[in-house]
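Got your viewer open? Load the model, switch to cartoon with side chains ready to toggle, and we'll walk through it stop by stop.

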Amino acid sequence: QVQVVQSGETTVQAGGSLRLSCVASGLAFDDFPMGWFRRAPGKNREGVAAISKIGDEIYYGRAVKGRFTISRDNAKNTLYLQMDSLEVDDTAVYLCLIGDGLSVSSGGYSFTAGNNHWGQGTQVTVIS
């Protein structure tokens, strides 16, 4: 059975850094595009970053571009989100998506038919 497990909730000071991880099992990891999404209080879910199967296409949301870095280690079945220069507005629940229905390009992302596997979510709180 597919399992997607994210790192635990974390509180970080503004200006600091944090790395989230997402470990998947029960699937062929390198067959799936994947990404990070977030839901902040009072806001709709937004795309943070996404990466293609081999990492040749990477997307970043405007709010995080230049501060966050998405990467994947296919040998370890792990997706990462490195977050630097964190801001209070980055406070949100971050969701990992392992989805073969996810299409990724540098200009954006879209969903097509396929299996989408979500992590349980990670609460990230940034304080000033």
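Rings of Phe, Tyr and Trp (its six-membered ring) count as a pair if their centres lie within 6.5 Å. Keep in mind that this is a predicted model.

**Stop one: the aromatic cluster.** Select Phe37, Tyr59, Tyr109, Phe111 and Trp118 and show them as sticks: ring pairs link these residues into a cluster. The structure holds 5 aromatic pairs. Zoom in on Phe37 and Tyr109, an edge-to-face pair with 5.4 Å from centre to centre and 90° between the planes. Colour by strand here, since this pair links distant parts of the chain: Phe37 belongs to strand E4 (residues 34-39) and Tyr109 to strand E11 (residues 108-111), 72 residues apart.

Turn on a surface. Which of these is buried and which is partly exposed? Phe37 counts as buried, because its relative accessibility is 2%, while Tyr109, at 30%, counts as partly exposed. From Tyr109, step along to Phe111: their ring centres are 6.1 Å apart and their planes sit at 85°, so this pair is edge-to-face too. Phe111 is partly exposed, with a relative accessible area of 38%.

Before leaving, add Arg45 to the selection. Its charged end sits over the ring of Phe37, 5.7 Å from the ring centre.

**Stop two: the disulfide.** Now pick Cys22 and Cys96. What joins them? A disulfide, with 2.0 Å from S to S, and the structure holds 1 disulfide. Look down the S-S bond: the angle about it is -75°, and the link of Cys22 and Cys96 is left-handed. Here again distant parts of the chain are linked, with Cys22 in strand E3 (residues 18-25) and Cys96 in strand E9 (residues 92-99), 74 residues apart. With the surface still on, try to find the two ends: Cys22 counts as buried at 0% relative accessibility, and Cys96 counts as buried at 0% as well.

**Stop three: the sheet.** Hide the side chains and follow E3 into its sheet. Four strands form an open sheet in the order E1-E3-E8-E7, with antiparallel pairing. The edges are strand E1 (3-6) and strand E7 (68-73), each of which pairs on one side only. Rotate to look across the strands: the twist averages 15° from one strand to the next.

Finish at the E7 edge. How many bridges join E7 to strand E8? There are 6, and E8 (residues 78-83) runs antiparallel to E7. For a last selection, click Ser71, which stands opposite Tyr80 in E8.

Technical notes. Residues numbered from 1 in each chain as written. Predicted model: local features only at pLDDT ≥ 70, side-chain atom pairs only at ≥ 80, totals over all residues. Heavy atoms only, no water. Phe/Tyr/Trp six-rings, centres within 6.5 Å; stacked < 30°, edge-to-face > 60°. Helix = DSSP H or I, 4+ residues; strand = E, 2+ residues; numbered from the N terminus. Buried < 20%, exposed > 50% of the residue type's maximum accessible area, 1.4 Å probe, protein only. Lys NZ or Arg CZ within 6 Å of the ring centre and 35° of its normal. Pairing = 2+ DSSP bridges. Axes fitted to C-alpha atoms, helices over the stretch in contact; angles between N-to-C directions. Disulfide = S-S within 2.5 Å.
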